[in-house]
Structures are given as structure tokens and as C-alpha cells.
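Me: Could you take a close look at one part of this model for me, and then work outward from there? I work at the bench, so plain wording with the cut-offs spelled out would help.

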Amino acid sequence: FTHASIAWICAIVLSDRIEGFETLQRRAQAYFIEAIDALAYTAYWPGGYNYWIQNRAFLFSLASSGYLNGLKEAKHAEYLSSVLRQAGYWTIYASRPDNKIEGFGDEGARVDLKDETRRVIDIIVQITRDPVLAGYSTYLAKLNGVESYYRGYRWGFLLFNDPTVVSLGDGSLESLAPYLSQAKLFGERTSNYAYFRSGWGKGDTFVSFKAGNTFAHHGHYDAGHFTIYKGRPLAINSSTYNGFFTPHRLNYAIRTIAKNSLLIQKPNEKVKPNKHFKINVADGGQRLT
């Protein structure tokens, strides 16, 4: 996904003086369109929000802008805009009342909505001109101030934030409530990730429910997992991410036992799917692949 985005960014600026440049551009474009299809299929990044916003989202958004602005006839323009808008709305619906993203994969620090999220939302707003997403950008600005853009590339604000797009709301999630539903399903029949809330205020109840496939190597075995937030996290994913091959991640964090889902014990089961699993931990959870 990342490489397809990078390849397309490079391909769109190839000089016609390079021999065979059209063939290279067509090949790169084909891979990029497959990346669009993949995100349309899952509806969000299946490896978790942190890996989306820190590793995938910016490059994909830039590549999307290149596709829409760098081609004389971008025949997938409407489709791509809808996929980007969906990714933007996923960010909104995954935002808890405590102004953090409800994480579900190998998550890191950027579920706090600082540094990375607003830059990507601003590019999506620039492309889609969606006033609700523009309102969410204002919310991020009010929430984190100058730290809504990472200081190392804060200069990018002048490139990515478009002040001509109408922004709805007053900079709070609650003010966006008239334009949003209280429940939303992402990736129907694929990822099957649903968010429910009693409202968009700080005192409202927030519930997430995940019932789809893993899809990504940073995803977890968490079909059936739910969380509840009401004033504070009540039902949670009880694991943390501290490295890809650590015993904690392999033997607990990625597994169903760390989630709120069903465990079904199988007598004498052996759970050592590859060389990285040093000991047999049969927790009754979903099959590790």
C-alpha cells in the first residue's frame, strides 16, 4: 500500500524525456488503483489507527492528490474521493469523548490525535471539500493548538489547509452532531467495525464492536471484541504494543484473550504457528496464522 503510493507520486512527475515513461506511469497507476480498491474494501486501516496515521495516510493522501490534480482525465476521481472521505469519517467516528482514538491493532502514541492527524484530514478536505471534515480539522486545531501539526513540518500547514472550504461546527465534536449519525458501520462484510454512541458530548457513552477479519500483520485476532467508554474506559483491550516480536505481543497482545470476546478451550491444543512462538500458549482464542 505504501509502496504503491510512493511509486505513483514518483511516476506522476516523470519527465517525458525518459524512455518508456508512459509504460512506467501506467504500471505505477495500476498498483495505486489496487491500493484504492484495498482501502475501499476494508474501509479503514486494518492494522490499527497508529500505523495508518504515522505510516500510510499521508503518503496515500499525497498520491491521491497527485492522481486528481496531475492527470488530464482522472476517471477514478469520484471513486477516490469517496474512499478518502470514508477514511476521514472513520477518524471522526473512532474519536472517543476523551479526544483519543479507540485503538484496536498495534497502537502507539498517535491515538492522541496530535502531530499527524490534522495534516492528513486537511489534505482530504482539500480534495473532497467536505465541510464536516473541515469542522473536524477545526476541532483538532482547538484540541492541540500548534501541535495539531508536527513542528518538524509545520510549514506544510500553508500547503495543506484550505481556508476557502466552509467549516461546520464550533471546533467541538458535539457541534458536529447534527451532521453525523449515532452509529456507523465500516467495512460491511469485510472488516465489520461498528461505532455506537448515545451522543457526541463528553458525558456520552461510546461503544465499539469489531467483527471482521484481521487482514494486516499489525492487526489482532479480535473478532467479536467490544469496548465501552463512559466517563473513562470501562471495557477495554487490555494489551499494549511494545515491539513486534516481544513475548507480550506474541503470547498475549495480538490474541483474543486480551480482548472482550469468546474463548473456546480445545484440549491438548498446540499453538506454535511459526518459529517466533517459542512456547505453547493455548488460550482458547482465534486461530493464529
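**A close look at T42**

Reply: Happy to help! A polar atom of the T42 side chain lies 2.8 Å from the backbone oxygen of Y44; a polar contact here is a pair of N or O atoms within 3.5 Å, where within protein one must be able to donate a hydrogen and the other to accept it, and residues adjacent in sequence count only if both atoms are side-chain atoms. Please keep in mind that this is a predicted model, where local features need pLDDT of at least 70 and side-chain atom pairs count only at pLDDT 80 or more, while totals for chains, interfaces and linings use all residues. Residues are numbered from 1 along each chain as its sequence is written, and side-chain values use heavy atoms, with hydrogens and water left out.

T42 lies in helix 2; helices (H or I, at least four residues) and strands (E, at least two) are DSSP runs, numbered from the N terminus. T42 has a relative accessible area of 7%, so it is buried; buried means under 20%, exposed over 50% and partly exposed in between, with a 1.4 Å probe and protein chains only. Leaving out residues up to four places away in sequence, T42 touches F186, G187, T190, S191 and F215, contact meaning heavy atoms within 4.5 Å.

Helix 2 (21-42) also leads us to the core, since helix 2 is among the elements that give two or more residues to it. This largest nonpolar core has 60 residues, and W52, F60, W90 and Y136 have the most contacts inside it. A nonpolar core is a set of buried Ala, Val, Leu, Ile, Met, Phe, Trp, Tyr and Cys residues joined through side-chain atoms within 4.5 Å. Helix 3 gives the most, with nine residues. A second, separate core has six residues, including Y221, I254, V271 and F277.

Back in the largest core, Y136 is in contact with L113 and L173, among others, when neighbours within four places in sequence are set aside. L113 sits in the loop between helix 4 (77-93) and helix 5 (117-128), and its phi is near 70°, a positive value in a residue other than glycine. With 0% relative accessibility, L113 is buried.

R189 also has a positive phi, about 70°, although it is not a glycine. R189 is found in the loop between strand 1 (183-186) and strand 2, and at 73% relative accessibility R189 is exposed. In strand 2 (residues 193-197) we find F196, which is partly exposed at 38%.
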